[in-house]
Amino acid sequence: MNHTTPPASTVATTGHSPESSPLGKSSEYPTHYDPTLLFPIPRAPKRAELQISGTLPFFGVDIWTAYEISWLNLRGKPQIAIATFMVPADSPNIIESKSFKLYLNSFNHERLKSADQLVEKLRTDLSAAAGAGVQVMLTESSQFGQLQFGELAGLSLDRLDVEIEPASGGAHPDGSQLRANHEEALVEETLVSHLLKSNCPVTSQPDWGSVQIHYVGAPIDQERLLKYIIGFREHNEFHEQCVERIFSDILRYCKPQKLAVYARYTRRGGLDINPWRSNFSSAKPPSQLRNARQ
């Protein structure tokens, strides 16, 4: 994926922790366009927990969809659209979602000469906050009928009748329970679960998602993998961090030769976040079709 060079005015992230973000705090909705509302959070601290430093063990993208985009034309007539944002995984920052929503709402009373002008403002501001080039695609209302739904392809892990021990409660992910049978021949398969649930690290509000795991390697124990995914139910991390944890744990404990992890989360505040991480260049870019829960 080609990334544009980020603007020189990249937002500083000193002191930008989740706890100091707008999350969990009352906020007045802006009445004027304000790019300073965007709140970047460095990726590095959470990656350090996963022993990720230096060269990343993956490439990828965070695909955001915004369903509540509105602005005014020069005559003051409201315009609406759906926007897709592609934030590269090697950007130094994620953008906190509530600040993203407040920023997008700051366009509600902004008069712009065209949709292209909106796209340029979005691209400039988001690239500055992420610290890397962010791609922006706008679907205007005349194109809404072209949008399609689709489910993640793969063998469903949810078919398995697993038992979750009350002692562990299935509350937190434990990568050490993952296993792959290295005595068997290598396989290439795609596994899917719709039982991914994690929580916001600040507000503890639930984040619901579906996850797709594609790998080449020794066969992964599917029951253990499903229990591991269910183990995120009380885990507090942002969407992007959960996907990187899943990727890192599978890579560490199952040692596949190739691995790609993709999650599609349901929307909150008019936004959904869909992170994708892969370590092989022939991996197909992830489908951007919304699923039934989105």
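Which side chain of opposite charge is nearest to K197, and how far away is it? The answer is E234, at 4.1 Å. K197 is buried yet has no salt bridge, because a salt bridge needs the side-chain nitrogen within 4 Å of a carboxyl oxygen. This is a predicted model.

**K197 and its surroundings**

K197 sits in strand β7, which spans residues 187–199. Its side chain does find a polar partner: the backbone oxygen of R233 lies 2.5 Å away. Leaving aside residues up to four places away in sequence, K197 touches P206, D207 and W208. It also touches F232, R233 and E234. R233 thus appears both as a contact of K197 and as the residue whose backbone oxygen the lysine side chain reaches.

**The chain as a whole**

The protein chain has 5 helices and 10 strands. Of its 294 residues, 51% count as buried. Take the contacts between residues at least 6 apart in sequence: 76% of them join residues at least 24 apart.

**Helix α2**

Helix α2 covers residues 97–105. It is largely enclosed by the rest of the structure, because 7 of its 9 residues are buried. The buried residues are S99, F100, K101, L102, Y103, L104 and N105. They pack against strands β2 (59–72), β3 (78–88), β4 (93–95) and β10 (271–278), and against helix α3 (115–130). E96 caps the N-terminal end of α2. There, a side-chain oxygen of E96 lies 2.6 Å from the backbone nitrogen of K98.

**Pocket and cavities**

Rolling a probe the size of a water molecule over the atoms shows where empty space is left. A search of the whole structure finds 3 cavities of 30 Å³ or more. The table sets out the largest pocket and the largest cavity.

| Space | Volume | Lining residues | Closest to the centre |
|---|---|---|---|
| Largest pocket | about 360 Å³ | 19 residues | Q212, H214, K284, P285, P286 |
| Largest cavity | about 100 Å³ | 14 residues | S97, F238, H239, E240, I273 |

Which elements give two or more residues to the lining of the largest pocket? They are β8 (206–217) and β9 (258–265). Strand β9 gives the most, with 3 residues. For the largest cavity, the elements that give two or more residues are β4 and α5 (239–254). Strand β4 therefore has two roles here: the buried residues of α2 pack against it, and it helps line the largest cavity.

Note on methods: Residues numbered from 1 in each chain as written. Predicted model: local features only at pLDDT ≥ 70, side-chain atom pairs only at ≥ 80, totals over all residues. Heavy atoms only, no water. Helix = DSSP H or I, 4+ residues; strand = E, 2+ residues; numbered from the N terminus. Buried < 20%, exposed > 50% of the residue type's maximum accessible area, 1.4 Å probe, protein only. Lys, Arg positive; Asp, Glu negative; His and termini not counted. Polar contact = N/O pair within 3.5 Å; in protein donor to acceptor, adjacent residues only side chain to side chain. Contact = heavy atoms within 4.5 Å. 1 Å grid on protein atoms, 1.4 Å probe; cavity = no way out; pocket = protein on both sides within 12 Å on 5 of 7 lines; lining within 4 Å. Points joined across faces, edges and corners; volume = space filled by probe spheres on them.
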